[in-house]
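Q: Could you take a close look at one part of this model for me, the bigger picture of a sheet and what sits around it? I'd like a connected walk-through rather than a list.

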Amino acid sequence: MSYQREFEKRLKVGIVGVGSHAYRNLLPAMNFLPVSLQAVCDRNGRLAEVTAAQYGAKAWYESAADMYRRERLDAVFICVSPLFHPQLACEALDAGVHVWLEKPPATRATQVEEMIRHRKDRTVVVGFKKAFMPATQKVIEILSQEGYGPLRSMLAEYPMVIPEDGEAVLREGRYTDWLRNGCHPLSLCLAVGGKVAAVTVHRSAYGGGPCVLEFASGAVGTYHMAEGRNNARPLERYSFYGDACHVVIDNGGARVTLHRGIPFQYGKNTTYAPEGLDSGAIVWEPQNREATLENKALFTQGIYQEMLYFCNQVLGGKPAEKGSLEFTLDVMKVYEAALLSGGKRVDVK
């Protein structure tokens with residue numbers, strides 16, 4: 001772990017969009033990344049100017065095109081509405097700049113395909129933070145171990161309502177909560193389970209219900225859209241079932257529990273804590289006694305990890321594997337299939 005000031009080699013970067021999310025999360029995370037912020041861009045010139053001054057950037061712009069013409073940037077972080085992400089990402093790629101793009105990346109899968117056509121040899125990472133967070137990576141590690149994996153099934157619980165007229169949402173390019181936040185659990189499910197072959201959504205009269213994911217591996221997942229968004233938090237939980245274990249992510253990624261079971265004989269067991277350390281549950285969770293890093297949201301939620309991964313790939317001259325545009329396209333295809341399901345099984349082409 002290094003701080004920005006400690007890296008010998010740093011990327012010259014700009015940022016497009018310095019609204020609430022970027023100000024609260026992306027800019028603070030740069031303190032821990034191998035970057036040097038050269039320029040800030042926002043349609044609100046006053047916001048760009050004061051943010052640039054605060055973070056030591058020498059220039060600010062209201063136009064991204066102007067920024068690319070006047071600055072020699074290695075990479076750009078883009079954080080605006082998905083209505084504008086495709087255009088801004090393609091503009092940056094055409095300027096020869098590597099791109100980190102906040103989720104959701106677009107409103108349609110075809111727009112992601114357009115980004116792929118513009119990418120050429122540039123590195124692009126989309127910030128699906130839940131695919132990068134330590135809890136998700138721990139689950140992937142566990143299920144890759146002999147005796148624990150492979151994944152057989154999963155259950156994701158997340159507060160969500162899916163729109164009733166999915167065809168209209170896609171046709172009109174609406175920015176609904178199913179896109180804004182629904183992509184979080186979808187990206188986590190695909191990060192663990194891989195490609196999805198088919199989707200079926202059973203929407204209740206209240207808007208929630210099960211979204212069944214049939215993975216190409218043969219595993220099956222249920223993304224339960226819990227429609228009761230009543231602030232009774234935390235309401236987010238993921239369970240993954242392997243051959244000889246199941247793993248649970250609780251509280252939005254703040255706790256991982258590996259359930260290994262105990263030696264069991266019905267009517268014979270007399271203790272739930274048998275001798276030895278090879279059975280029972282293992283729990284990982286942040287320690288909050290000290291003002292350290294691993295218990296802060298930037299690190300538990302995957303924001304730092306997704307941005308650092310992007311920087312490392314660019315510095316190493318490598319394309320993205322995690323959070324790539326190909327992975328992003330898979331997520332968007334599942335998102336669209338869920339909107340079109342209406343209780344019917346939809347193949348993900």
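**The mixed sheet and its surroundings**

A: Let's start with the sheet itself, bearing in mind that this is a predicted model. Nine strands, 9 in number, make up an open sheet with mixed pairing, and their order is 14-13-12-11-7-10-9-8-15. At the edges sit strand 14 (281-284) and strand 15 (346-347), each of which pairs on one side only.

Now for the middle of that order. Strand 7 (residues 153-159) and strand 10 (residues 220-226) run parallel, joined by 7 bridges. If you want a spot to click on, Y158 stands opposite M225 in strand 10. Helix 10 (residues 183-193) packs on the sheet here, touching strand 7, strand 8 (196-201), strand 9 (209-215), strand 10 and strand 11 (237-241). The direction of helix 10 makes about 165 degrees with that of strand 7. Helix 13 (residues 325-341) packs on the sheet too, with contacts to strand 8, strand 9 and strand 15. For helix 13, the angle to the direction of strand 8 is about 35 degrees.

Helix 10 deserves a second look. It is mostly covered, with 10 of its 11 residues buried. The buried set is C183, H184, P185, L186, S187, L188, C189, L190, V192 and G193. Right after helix 10 comes G194, and its phi is positive, near 90 degrees.

Next, the other side of the strand order, where the antiparallel pairs are. Strand 12 (residues 246-250) pairs with strand 13 (residues 255-259) in the antiparallel sense, over 5 bridges. In that pair D250 stands opposite R255 in strand 13. Strand 12 and strand 13 form a hairpin with 4 residues between them, and N251 in the turn has a positive phi of about 55 degrees. From there strand 13 carries on to strand 14: the two run antiparallel and are joined by 4 bridges. Here L258 stands opposite I282 in strand 14.

One residue ties several of these pieces together, and that's E236. You'll find E236 in the loop between strand 10 and strand 11. Leaving out residues up to four places away in sequence, E236 touches K130, E157, Y158, I249, D250, N251 and G252. Some of those names should look familiar: Y158 is the residue opposite M225, D250 is the one opposite R255, and N251 is the turn residue with the positive phi. The side chain of E236 also makes a polar contact of 2.6 Å with the side chain of Y238. As for cover, E236 has a relative accessible area of 14%, and because the cut-off for buried is under 20%, E236 counts as buried.

For contrast, have a look at the second sheet. It is open as well, with 6 strands in the order 3-2-1-4-5-6, and its pairing is parallel. Its edge strands are strand 3 (59-61) and strand 6 (124-127), each pairing on one side only. Ignoring direction, neighbouring strands of this sheet are turned by 25 degrees against each other on average. Strand 1 (residues 11-16) and strand 2 (residues 35-41) run parallel with 6 bridges between them, and I15 stands opposite V40 in strand 2. Helix 4 (residues 85-94) packs on this sheet, touching strand 1, strand 4 (75-78), strand 5 (98-102) and strand 6. The direction of helix 4 makes about 165 degrees with that of strand 5.

N25 is another buried residue to check: it lies in helix 1 (residues 20-29), and its relative accessible area is 14%. Not counting residues up to four places away in sequence, N25 touches L298 and I303.

Finally, zoom out to the whole chain. Its secondary structure comes to 13 helices and 15 strands. Of the 349 residues, 52% count as buried. Among contacts with a separation of 6 or more, residues 24 or more positions apart account for 65%. The radius of gyration is 21 Å, which agrees with the value near 20 Å for a compact globule of 349 residues. Along the principal axes, the C-alpha atoms fill a box of roughly 75 × 50 × 40 Å. The accessible surface comes to about 17,100 Å², and carbon and sulfur atoms hold 48% of it.

Definitions and conventions
Residues numbered from 1 in each chain as written. Predicted model: local features only at pLDDT ≥ 70, side-chain atom pairs only at ≥ 80, totals over all residues. Heavy atoms only, no water. Pairing = 2+ DSSP bridges. Contact = heavy atoms within 4.5 Å. Axes fitted to C-alpha atoms, helices over the stretch in contact; angles between N-to-C directions. Buried < 20%, exposed > 50% of the residue type's maximum accessible area, 1.4 Å probe, protein only. Polar contact = N/O pair within 3.5 Å; in protein donor to acceptor, adjacent residues only side chain to side chain. Rg over C-alpha atoms; globule rule 2.2 N^0.38 Å. Areas by Shrake-Rupley, 256 points an atom, 1.4 Å probe, with all protein chains shown as cover.
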